[in-house]
Amino acid sequence: MDIQNSLKSMGYDAPAIVPSGEKAIKKAEELKPDLVLMDIELKGAMDGIEAAGKIRNLDIPVCFSCGICR
């Protein structure tokens, strides 16, 4: 949420945070964002790398972050 708040304070729209890869894909399909910031470690069976691959198939770029960056 810190990243979301930082982006919003800089004037960017950061509409969603989701806990799992499956939800990230659904939300990307719904919102069609310009960019997805993706953590590698997610809840559920799908990790961020697999979710990013599916989101990239929607022609949405993905930038990875990790727990160390927080």
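**A walk from helix α2 to its neighbours**

Let's start at Lys26, which sits in helix α2. This is a predicted model, so take every value below as computed from predicted coordinates. With 59% relative accessibility, Lys26 is classed as exposed, because the bar for that label is over 50%. If you hop along the chain by 28 residues you get to Lys54, and the C-alpha atoms of Lys26 and Lys54 are 10 Å apart.

Stay with α2, which covers residues 21–31, and look at what it hides. Gly21, Ala24, Ile25 and Ala28 are its buried residues. Looking down the axis of α2, you'd find them within an arc of 100 degrees, so they line one face of the helix. Over on the other side of α2, Lys26 and Glu30 are exposed. As for what covers the buried residues of α2, the list includes β1 and α3. Once α2 is over, along comes Lys32, with a positive phi near 50 degrees.

Glu30 deserves a second look, since Glu30 makes a salt bridge with Lys27. The closest N and O atoms of that pair are 3.6 Å apart. Both partners belong to helix α2 and are three residues apart, which is about one turn of the helix. How exposed are the two? Glu30 has a relative accessible area of 54%, so it counts as exposed, while Lys27, at 27% relative accessibility, is partly exposed. If you go hunting for salt bridges through the whole structure, one is what you find.

Next up is helix α3, residues 48–56, where Gly48, Ala51, Ala52 and Ile55 are the buried residues. Viewed down the axis of α3, these buried residues fit within an arc of 100 degrees, so they too line one face of their helix. What do the buried residues of α3 pack against? The answer is α2, β1 and β2, the last of these being residues 62–65. There's also a nice detail at the start of α3: a side-chain oxygen of Asp47 comes to within 3.1 Å of the backbone nitrogen of Ile49.

Since β1 has come up with both helices, let's step into that strand and pick Met38. Is Met38 buried or exposed? At 3% relative accessibility it counts as buried, because that value is under 20%. Leaving aside residues up to four places away in sequence, Met38 touches Ala24, a residue of the buried set in α2. Its contacts also include Gly48, Ala51, Ala52 and Ile55, the buried residues of α3. Val62, Cys63, Phe64 and Ser65 are on the contact list of Met38 as well, and those residues make up β2. For a backbone distance, try Met38 and Ala28: they are ten residues apart along the chain, with 11 Å between their C-alpha atoms.

Leu37 is in strand β1 too, which runs over residues 36–39. At 45% relative accessibility, Leu37 is partly exposed. Together with Ile3 and Leu35, Leu37 makes a nonpolar surface patch of about 260 Å².

Last stop: helix α1, residues 2–9, where you'll find Gln4. Its relative accessible area is 14%, so Gln4 counts as buried. Who are its neighbours? Not counting residues up to four places away in sequence, Gln4 touches Ala14, Pro15, Ala16 and Ile17.

Terms used:
Residues numbered from 1 in each chain as written. Predicted model: local features only at pLDDT ≥ 70, side-chain atom pairs only at ≥ 80, totals over all residues. Heavy atoms only, no water. Helix = DSSP H or I, 4+ residues; strand = E, 2+ residues; numbered from the N terminus. Buried < 20%, exposed > 50% of the residue type's maximum accessible area, 1.4 Å probe, protein only. Contact = heavy atoms within 4.5 Å. Patch = residues over 30% accessible without salt bridge, like charges linked within 9 Å, V, L, I, M, F, W, Y side chains within 5 Å. Areas by Shrake-Rupley, 256 points an atom, 1.4 Å probe, with all protein chains shown as cover. Salt bridge = Lys/Arg side-chain N within 4 Å of Asp/Glu carboxyl O. Arc of directions from axis to C-beta. Polar contact = N/O pair within 3.5 Å; in protein donor to acceptor, adjacent residues only side chain to side chain.
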